[in-house]
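Q: Please take a close look at a single part of the model shown here. A connected account, beginning with the whole and then moving to the part, would be most useful.

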Amino acid sequence: DTPGVRSLGLVGDEDDVGAAFPDIEERAAQCRFRNCGHESEPGCNVRGFVDDDRLASFHALVRESRRRARNPWDHDPQRALSVLVKRVTKNKKR
């Protein structure tokens, strides 16, 4: 427990997530389809060989990395505070 810390953000991109799960990356290279999502595709070489909880963690981190790639300021509290301060000061001037 660390007082004042609400969450830890993900740093890195989707390739970094893959590097953290070498067992999944190794098996994924042998999947039947190149764009296999390792969820319900036939011929997936990952499902059934990797623990369900580990695979769920992998999927969650991939989703987070994609979300951050689309909007890098989404989880940046300093950026959110900066935007809020600008809005408040802008409204005060009116």
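What is the accessible surface of the protein, and what percentage of it belongs to carbon and sulfur atoms? With that as background, which residues of helix 3 are buried, and what covers them?

A: The model is predicted, and its surface is a convenient place to begin. The accessible surface of the protein comes to about 7,700 Å², and carbon and sulfur atoms account for 49% of that area. Of the 94 residues in the protein, 19% are buried. The protein has four helices and zero strands, which gives the pattern α-α-α-α when read along the sequence. Among contacts between residues at least 6 apart in sequence, 41% join residues at least 24 apart.

Confidence should be kept in view throughout. The mean pLDDT of the protein is 80, and 78% of the residues score at least 70. Helix 2 (residues 22-28) has the highest confidence, at 92, while helix 4 (residues 77-93) has the lowest, at a mean of 73.

Helix 3 itself covers residues 52-70, a run of 19 residues. At 1.5 Å a residue, the helix should span 27 Å, and this agrees with its end C-alpha atoms, which are 27 Å apart. Its buried residues are Leu55, Phe58, His59, Val62, Glu64 and Ser65. The cover over these buried residues includes helix 1 (14-20) and helix 2.

Two salt bridges are found in a search of the whole structure. In one of them, the side chains of Asp23 and Arg54 meet at 2.9 Å, N to O. Because Asp23 lies in helix 2 and Arg54 in helix 3, this pair ties together parts that are 31 residues apart in sequence. Asp23 has a relative accessibility of 32%, so it counts as partly exposed. Arg54, with a relative accessible area of 31%, is partly exposed as well. In general, side chains of opposite charge can pair when their charged atoms come close.

Another salt bridge joins the side chains of Glu64 and Arg67, at 2.7 Å, N to O. Both of these residues belong to helix 3, where they are three residues apart, about one turn of the helix. Glu64 has a relative accessible area of 15% and is therefore buried, the cut-off being under 20%. Arg67 has a relative accessible area of 33%, so Arg67 is partly exposed.

Ala69 is also found in helix 3. Its relative accessibility of 62% means that Ala69 counts as exposed, since the cut-off for that class is over 50%. Ala69 and Asp13 are 56 residues apart in sequence, yet their C-alpha atoms are 7.4 Å apart in space.

Helix 4 offers a final point about the surface. Leu81, Leu84, Val85 and Val88 form a nonpolar patch there, with about 350 Å² of accessible area together. Val85 has its place in helix 4; with a relative accessible area of 44%, it is partly exposed. This patch should be read together with the mean confidence of 73 for helix 4.

To return to the part requested, helix 3 has buried residues that include Leu55 and Phe58, covered in part by helix 1 and helix 2, and it contributes Arg54 to a salt bridge with Asp23.

How values were computed
Residues numbered from 1 in each chain as written. Heavy atoms only, no water. pLDDT = per-residue confidence, 0-100. Helix = DSSP H or I, 4+ residues; strand = E, 2+ residues; numbered from the N terminus. Buried < 20%, exposed > 50% of the residue type's maximum accessible area, 1.4 Å probe, protein only. Contact = heavy atoms within 4.5 Å. Areas by Shrake-Rupley, 256 points an atom, 1.4 Å probe, with all protein chains shown as cover. Patch = residues over 30% accessible without salt bridge, like charges linked within 9 Å, V, L, I, M, F, W, Y side chains within 5 Å. Salt bridge = Lys/Arg side-chain N within 4 Å of Asp/Glu carboxyl O. Expected span 1.5 Å × (residues − 1).
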